[in-house]
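Biologist: Please take a close look at one part of this model for me. I would like the side-chain pairings around the salt bridges and rings, told as one connected account.

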Amino acid sequence: MFSLLGLFIIGVGAAAAIELPLSPIYHSPAAIVKPLLKTVEVEAPAHYDFSYSVRDDHTGDIKSQTESRKGDQVQGQYTLIDADGYLRTVDYTSDAHNGFNAIVRRDPLGQKVVKQIAPIKVVQPLALGVPKLLAPAKLPLPLGLYH
C-alpha cells in the first residue's frame, strides 16, 4: 500500500515538472522598474480654537473653558465653582520661551452652590451588651485545616 502511495506522489511530481516552462519568463522593462516617489509630509504649525461649558443645576456642577493656539503659543481660561462657594478663574499662557504661566483668581459668589442632603437617621441598637465569644478551643476548625 505504501509503495502505491509513493508511486502516486512521484507521478504527480513528474507531471508538475513537465507542465512547468523550462525557459525563463521575460518581462518588459516598464513592468520591472517602478518609479520611486518619495512623499514628504510638511507639518504646519498647530492652530485651533475651542470652548465648552457645563451647567448642571441639579448637582451644582458649573464650569467652562476656552483655549486658542497659534503655533507654539497657547492661551486660555477656565472657570469652576469650588465646593466652598467661590468662583475660581484661571487665565493661562504657554509658549516655548516662558513655559506655562497661570494667574488664579477666587471670587466669592455670595452663596454656596453645594446641594443640601437630608440628615441620616441613626437607629440605636437594641442590646447594649457585648455578645459572648466562644473560647478558641471550642471553635470548629475549617475543613482545610484538618490533617
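Modeller: A salt bridge here is a side-chain nitrogen of Lys or Arg within 4 Å of a carboxyl oxygen of Asp or Glu. By that cut-off, Asp72 and Arg69 form a salt bridge, at 3.8 Å from N to O. Keep in mind that the model is predicted.

Asp72 is exposed, with 52% relative accessibility. Arg69 is partly exposed, at 26%. Arg69 also has a spatial relation to Phe50: their C-alpha atoms are 9.2 Å apart, with the two positions 19 residues apart in sequence numbering.

The structure holds seven salt bridges. Four residues are linked in a network of them: Asp82, Asp84, Arg88 and Arg106. Take Asp82 and Arg88 to begin with. Their side chains meet at 2.8 Å, N to O. Asp82 is buried, with a relative accessible area of 12%. Arg88 is partly exposed, at 29%.

Now take Asp84 and Arg106. This salt bridge has an N to O distance of 2.7 Å. It links distant parts of the chain. Asp84 sits in the loop between strand 3 and strand 4, and Arg106 sits in strand 5, residues 99-108. The two are 22 residues apart. Both ends have some access to the surface: Asp84 is partly exposed at 36%, and Arg106 is partly exposed at 41%.

Arg106 has another partner. Its charged end sits over the ring of Tyr86, 4.6 Å from the ring centre.

That brings us to the rings. The structure holds three aromatic pairs. In one of them, the centres of Tyr78 and Tyr92 are 6.4 Å apart and the planes meet at 50°, so the pair is tilted. Tyr78 lies in strand 3, residues 73-81, and Tyr92 lies in strand 4, residues 86-95, so the pair ties together parts that are 14 residues apart in sequence. Tyr78 is partly exposed, at 30% relative accessibility. Tyr92 is buried, at 8%. Ring pairs join Tyr78 and Tyr92 with Phe100 in a cluster.

Thr89 is also in strand 4. Thr89 is buried, with a relative accessible area of 4%. Leaving aside neighbours within four places in sequence, Thr89 is in contact with Gln77, Tyr78 and Thr79, and also with Ile103, Val104 and Arg105. Tyr78 is thus both a contact of Thr89 and a member of the ring cluster.

Back to Phe50, which lies in strand 1, residues 47-56. Phe50 is partly exposed, with a relative accessible area of 35%. Beyond four places in sequence, the contacts of Phe50 are Gln65, Thr66 and Glu67. Phe50 also forms a nonpolar surface patch with Tyr48 and Tyr52. Together the three have about 270 Å² of accessible area.

Here is the setting for all this. The chain has two helices and five strands. From the N terminus, the order is α-α-β-β-β-β-β. Of the 147 residues in the chain, 10% are buried. Asp82, Tyr92 and Thr89 are buried residues. The accessible surface of the chain is about 14000 Å², and 64% of that belongs to carbon and sulfur atoms. Among contacts with a separation of 6 or more, 16% join residues 24 or more positions apart.

Definitions and conventions. Residues numbered from 1 in each chain as written. Predicted model: local features only at pLDDT ≥ 70, side-chain atom pairs only at ≥ 80, totals over all residues. Heavy atoms only, no water. Phe/Tyr/Trp six-rings, centres within 6.5 Å; stacked < 30°, edge-to-face > 60°. Helix = DSSP H or I, 4+ residues; strand = E, 2+ residues; numbered from the N terminus. Buried < 20%, exposed > 50% of the residue type's maximum accessible area, 1.4 Å probe, protein only. Lys NZ or Arg CZ within 6 Å of the ring centre and 35° of its normal. Contact = heavy atoms within 4.5 Å. Patch = residues over 30% accessible without salt bridge, like charges linked within 9 Å, V, L, I, M, F, W, Y side chains within 5 Å. Areas by Shrake-Rupley, 256 points an atom, 1.4 Å probe, with all protein chains shown as cover.
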